[in-house]
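Visitor: I have a structure open and want to get my bearings. Can we go through it together?
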Amino acid sequence: MKLKVTDLLDAAKAAQGLRTDMALADALGVGRSAVSGWRSGNRYPEPVVCAALAHMAGEPLAKVIGVVGEARAVCRREKAVWRALATSAAMAPRQERARTR
């Protein structure tokens, strides 16, 4: 399943026990309209906000940057590069856990 920006927003809300997008916006230090724009796909979080989302959701930053980059990209080849980044970042923690067992 391909992760979307809205999935990241929902994961951050759930992980932090936030019930509304307004609460998420406050926690991220952005306006409610920013979160609304991310949900609609008209805007995308900036890298600093991506770092906060990653921390809040408990996801690797590279995964979040990859998901957002893929959503922002306009051509298939660029989307594929961002998707590869997100996928490799998602796999890295699993590989690291397997090595430490």
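Guide: This is a predicted model. In the protein, 46% of the contacts with a separation of 6 or more are between residues 24 or more positions apart.

Visitor: Okay. What is the secondary structure of the protein, in helices and strands?

Guide: The protein has six helices and zero strands. Read from the N terminus, the order of elements is α-α-α-α-α-α. The radius of gyration is 14 Å, close to the 13 Å from the globule rule for 101 residues, so the protein is as compact as a globular protein of that length.

Visitor: And what box do the C-alpha atoms fill?

Guide: Along the principal axes, that box is roughly 40 × 35 × 25 Å.

Visitor: Let's pick one helix. What should H5 span, going by its residues?

Guide: Helix H5 covers residues 61–72, which is 12 residues. At 1.5 Å a residue the expected span is 16 Å, and the end C-alpha atoms are 16 Å apart, so the two agree.

Visitor: Which residues of H5 are buried?

Guide: They are Lys63, Val64, Gly66, Val67, Val68, Gly69 and Glu70. Across the protein, 31% of the 101 residues count as buried.

Visitor: Now the outside. How much area does the protein expose, and what share do carbon and sulfur atoms supply?

Guide: The protein exposes about 6200 Å², and carbon and sulfur atoms supply 55% of that.

Visitor: Last topic, charge. How many positive and negative side chains are there?

Guide: There are 17 positive and 9 negative side chains in the protein. The centres of these two sets lie 5 Å apart.

How values were computed. Residues numbered from 1 in each chain as written. Predicted model: local features only at pLDDT ≥ 70, side-chain atom pairs only at ≥ 80, totals over all residues. Heavy atoms only, no water. Helix = DSSP H or I, 4+ residues; strand = E, 2+ residues; numbered from the N terminus. Rg over C-alpha atoms; globule rule 2.2 N^0.38 Å. Buried < 20%, exposed > 50% of the residue type's maximum accessible area, 1.4 Å probe, protein only. Contact = heavy atoms within 4.5 Å. Areas by Shrake-Rupley, 256 points an atom, 1.4 Å probe, with all protein chains shown as cover. Lys, Arg positive; Asp, Glu negative; His and termini not counted. Charge placed at Lys NZ, Arg CZ, Asp CG, Glu CD. Expected span 1.5 Å × (residues − 1).
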